[in-house]
Protein chains: 2
Amino acid sequence: MEQELKRYESGVQAMLELVGGKWRILILHQLITGKKRTSELRRAIPGITQKVLTQQLRDLEKNEIIHRIIHPQIPPKVEYELTEYGLTLQAIIDRICLWGENHLDRVYGDKNKVLENHFSEYIPLSTPN
Amino acid sequence: MEQELKRYESGVQAMLELVGGKWRILILHQLITGKKRTSELRRAIPGITQKVLTQQLRDLEKNEIIHRIIHPQIPPKVEYELTEYGLTLQAIIDRICLWGENHLDRVYGDKNKVLENHFSEYIPLSTPN
DNA sequence: CAGTATCCTTTCCGATACTG
DNA sequence: CAGTATCGGAAAGGATACTG
């Protein structure tokens, strides 16, 4: 447990440390729609292995972005949900998702989109005053 | 040059492929404020090496997010700037930066901030209605 | 100044087997 | 079902020396 006090040059770096990597944004994106069981996450995120999923979930938990809810029963049931703090990431994640979908469109030009309706009402991309 | 056509499950993944990793967002964050020379980027991003910087810039260029401007002169002068497409990332990057600064505040609680004045007019982190 | 070439370390991630 | 343990490979990144 040698929690080295790291100094960051910028907030961006601090944020990347929390939610960077190949999977964490994907996981959070799933949790935005609500509490999910481990197995649900696994199914929702094709390609991720049990080990990596658990690993990432632990990290997110450690940073108070998600909450782990253990239902003491056999067979085990564990759920994860965004903390209040984690919820502050929602706007960013939504935008990332939106941008990504548009990008797929741009690159593949076809109807690769999985856009939901509530994304169509475009929020202007510049910072609101 | 085997540009394998990759299939993405979601836009999020596609986006992470473009701007994920330890440095790319940092680089883009620098370019938001305008065209920059290689050496300026290097100074602005402590810790990055020449090799990695070039590498990341090439990737960003390949994906049409930044533009490389070569001034044919001795000594060489090269500048990078966001393309029009790259500019569509601005809102996301700004928010990431903002969130990150807030996070540093939350974690260190002190005046760790490197906040510029134009950041002090805090935008609420939840999606604006 | 900008970039390339090597080599090397570290980090991340996948496969698989196993436990309560 | 959720999670752990171990092994091994691939990829990202860092140190350093060198070039036009």
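Which polar side-chain atom lies 2.9 Å from a phosphate oxygen of DNA strand D? That atom belongs to Lys22(B), and the points below build up the picture around this contact.

1. Some ground rules before we start. This is a predicted model, in which local features need pLDDT of at least 70 and side-chain atom pairs count only at pLDDT 80 or more, while totals for chains, interfaces and linings use all residues. Residues are numbered from 1 along each chain as its sequence is written, chains are lettered from A and ligands numbered from 1 in the order in which they are written, and side-chain values use heavy atoms, with hydrogens and water left out.

2. Let's begin with DNA strand D. It is surrounded by 20 residues, the closest being Arg37(A), Ser39(A), Arg68(A), Lys22(B) and Lys51(B). A residue is near a strand if one of its heavy atoms lies within 4 Å of it. Of the strand D atoms within 4 Å of the protein, 68% belong to sugar or phosphate and the rest to bases.

3. Polar contacts to strand D are worth a look (pairs of N or O atoms within 3.5 Å; within protein, one must be able to donate a hydrogen and the other to accept it, and residues adjacent in sequence count only if both atoms are side-chain atoms). Besides Lys22(B), Arg68(A) places a polar side-chain atom 2.5 Å from a phosphate oxygen of DNA strand D. Ser39(A) uses a polar backbone atom instead, 2.9 Å from a phosphate oxygen of that strand.

4. Which elements supply at least two residues each to the surface near DNA strand D? They are α3 (38-44), α4 (50-62) and β3 (77-82) of chain A, together with α4 (50-62) of chain B. Helices (H or I, at least four residues) and strands (E, at least two) are DSSP runs numbered from the N terminus. The largest share, 4 residues, comes from α4(A). By class, this surface has 7 nonpolar, 7 polar and 6 charged residues; here Ala, Val, Leu, Ile, Met, Phe, Trp, Tyr, Cys and Pro count as nonpolar, Asp, Glu, Lys and Arg as charged, and the others, Gly among them, as polar.

5. Now for DNA strand C. It has 19 residues around it, with Lys22(A), Lys51(A), Arg37(B), Ser39(B) and Arg68(B) the closest. Sugar and phosphate make up 64% of the strand C atoms that come within 4 Å of the protein. A backbone N or O atom of Lys22(A) is 3.1 Å from a phosphate oxygen of DNA strand C. From chain B, Thr38(B) brings a polar side-chain atom to 3.2 Å from a phosphate oxygen of this strand. The surface near strand C receives the most from α4(B), with 4 residues.

6. Finally, the helices of chain A. Helix α1 (residues 11-19) and helix α2 (residues 24-32) of chain A pack at an angle of about 75°, their axes 8 Å apart. Axes are lines fitted to C-alpha atoms, for helices over the stretch in contact, and angles run from 0 to 180 degrees between N-to-C directions. α1(A) and α2(A) are therefore roughly perpendicular (65 to 115 degrees; under 35 counts as roughly parallel, over 145 as roughly antiparallel and the rest as oblique). Glu17(A), Leu18(A) and Val19(A) of α1(A) make the contact with Arg24(A), Ile25(A) and Leu28(A) of α2(A), contact meaning heavy atoms within 4.5 Å.
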